[in-house]
Amino acid sequence: MVWSNWFLILYLSWAFFISNTHELQTYQAHLLLQLRKHLEYPSQLDTWESYNGDLCNLSSTLYMGIVCEDNVITELKIKGDKVVKVSDFKGFAIPNQTLSESFSIDSFVTTLSRLNSLRIISLVSLGIWGPLPDKIHRLYSLEFLDLSSNFIFGSVPPQLSRIVKLNSLTLDGNYFNGSLPDWLDSLSNLTVLSLRNNHFKGSVPPQLSRITTLTVIALCHNQLTGKLPDLSTLTSLHVLDIRENKLDSELPAMPKGLVTILLSNNSFSGKIPVQFGQLSQLQHLDLSLNHLSGTPPSSLFSLPNISYLNLASNMLSGSLPNDLSCGSNLGFVDISTNKLIGGLPSCLGNMSNKRAAKFGGNCLSIGAQHQHQKSYCKVANVESKQSRGRIIGALVAVITGTVLVLMLLALGVLFLCRRYCPRRTLEQNTFSKVVQDHSTTGVSSEVLANARFIAQAAKLGTQGAPVCREFSMEELMEATNNFNSSAFMGEGSNGKIYKGKLVNGTNISVRSLTYLKKHSIQNLKFRLDLLSKLHHPHLVGLLGYCIDNSEQDDMKVFLVYEYVPNGNYRAHLSEARPEKVLKWSDRLVILIDVAKAIHFLHTGVIPGTFNNRLKTNNILLDEHRIAKLSDYGMALITEEIGKNET
């Protein structure tokens, strides 16, 4: 009897396990079919519909692959055939090249993010178009992301920095524009960063040098300008590819472990650093099509592993030593189209099947064709020296003039400060005088005069964050179950807070405030609009608001924020819950995040936003323990409430 009971228990457990496994697989299979529908039924995925077995067991092909572990999908690779690129892509669907006009990248990423166990995603040449949605960060397990050869445009969403496990980020061959992200150092496990063939502008952010795990940096075929930062701290870096940009600085020091350096077709100037001749692992070096000058270091040619060396089309001058030594692995050398003089070293002149050398377009005395007269290179060298002298003289004049101007400005500012010091309080309270109660335009003369603030707020509002929307009371009632006590999260100095869930599945938090009717709703909406434009990875985002003026004297104002699930910082400091107490290293990271948020509030908008209620209760942690500051900028709203109550 006892044995029969044991067999019954084992059988029921086995049946329950099989049932749950089948249900899980059915759900994931349904999501895969939804993705196929979003991608408009590419032929590469026809087998998904006709296959009757477990999709985890489906054989991978060159164009499709699925890998599962413990009955969940961990790897998804799909490669399409939409590889034709256009130079004048305007951000709209193109027949036979992109997916259709009805395609929604937002819906596609929403479905994809439900497969939140994915560690590897490769979606290449599928015609995906549109700006990459912020919700990509929901794929918190992601380690490898490749969205190459699509039609994705706009900026790289900052929420991508929350995927802390990300190891490889490849967005080649798209239409991303704007500046390179300055938050990339948040991805502390990143080894491969490949953003080739996009439309990025601006400088290479110095934060890149902090990602010590990087092995590959590929930023070629963009429109980057300015200085290339010192990357010598990246001791693991093997490949640096920044060809075909507009960088115009001198060459910085390089990591000693580099194997490939490709910097051609930029505007680099100055001499080739001697340090380049100490890169013992270097195999490929391409510095062609720049403005480099001086004599190239002899040690470049004799590096133990160098096989490809291209110094063509620069302004290199002087002569190479006759006893120049070439490395045993050196197979190709190009020093053509420079200003080199003297003889050609024997290791470059002896043509053989082992080594090919190009040296035309110089003034070398080798009696061969395709060489200029010596006077050409000498004149060029003299002109170069004179040009450098003129540049130095101009710099001295500019620096001297700048110092004088700054001194005059300092004296002027000191005079004005002394004369207009009593007005300082008035100028610092621009926020509090946004709109007069009887205003018909909705904007006071003080704000209209402060064009810097208007311009900066407009700029912040266009950085890809959702526009602040006005919710209906019915929406919030439904989201919070009529503000049921089960949704109540607490009450602070700024009203009650409730948790809710919108119809589209977005979790929200709702703060309730009381506002006197005698003040302008237009004024209030203007203030809320200003507050909604403060977007930062470490600020709790304001999604919208609802104004209920159904009561006689008062009106209710509901502020709708993104929901941050992991509680406040204070709860993680208490020893009453040892399992939640943060380590010192975690606390330091959180405080650095908060400091970034405060720095943005003080300097990221003009005038700065102060009085931001910096308390441990107002520092919230998301699911990855990334800090977000709440209650910031509330002085914009509560200031008027305080006046009404006096």
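The following dialogue walks through a buried residue, some strand pairings and the salt bridges of a predicted model.

Colleague: Where is Phe 268 found, and is Phe 268 buried or exposed?

Modeller: Phe 268 is found in the loop between β15 (260–262) and β16 (269–271). Burial is read from the relative accessible area, with under 20% counting as buried, and Phe 268, at 1%, is therefore buried.

Colleague: Which residues is Phe 268 in contact with, once its neighbours within four places in sequence are left aside?

Modeller: Among them are Leu 228, Leu 247, Leu 251 and Leu 263, and the list also includes the charged residues Asp 248 and Glu 250 as well as Asn 290, His 291 and Leu 292. As for separation along the chain, Phe 268 and Leu 289 are 21 residues apart in sequence, while their C-alpha atoms are 8.9 Å apart in space.

Colleague: His 291 is in contact with Phe 268, and strand β18 covers residues 291–294; in which sense do β18 and β20 pair?

Modeller: Strand β18 pairs with strand β20 (residues 315–319) in the parallel sense, over two bridges, and Leu 316 in β20 is the bridge partner of Gly 294. Strand β20 is also joined to strand β22 (residues 339–342), again running parallel, by three bridges, with Ser 317 standing opposite Lys 339 in β22. When you look along such strands, keep in mind that in a regular strand the side chains alternate between the two faces of the sheet.

Colleague: How many salt bridges does a search of the whole structure find, and what does the one between Arg 119 and Glu 69 tie together?

Modeller: The search finds 11 salt bridges. In one of them the side chains of Arg 119 and Glu 69 meet at 2.8 Å, N to O. Arg 119 lies in the loop between α3 (105–113) and β3 (120–124), and Glu 69 in strand β1 (residues 64–69), so the pair ties together parts that are 50 residues apart in sequence. Arg 119 is partly exposed, at 28% relative accessible area, and Glu 69 is partly exposed as well, at 36%.

Colleague: Which parts does the salt bridge between Glu 562 and Lys 628 tie together, and is Lys 628 buried or exposed?

Modeller: In this salt bridge the closest N and O atoms of Glu 562 and Lys 628 are 3.4 Å apart. Because Glu 562 lies in strand β30 (residues 554–562) and Lys 628 in strand β32 (residues 627–629), the pair ties together parts that are 66 residues apart in sequence. Lys 628 is buried, with a relative accessible area of 3%. Elsewhere, salt bridges that share partners join Glu 69, Arg 119 and Glu 143 into one network.

Note on methods
Residues numbered from 1 in each chain as written. Predicted model: local features only at pLDDT ≥ 70, side-chain atom pairs only at ≥ 80, totals over all residues. Heavy atoms only, no water. Helix = DSSP H or I, 4+ residues; strand = E, 2+ residues; numbered from the N terminus. Buried < 20%, exposed > 50% of the residue type's maximum accessible area, 1.4 Å probe, protein only. Contact = heavy atoms within 4.5 Å. Pairing = 2+ DSSP bridges. Salt bridge = Lys/Arg side-chain N within 4 Å of Asp/Glu carboxyl O.
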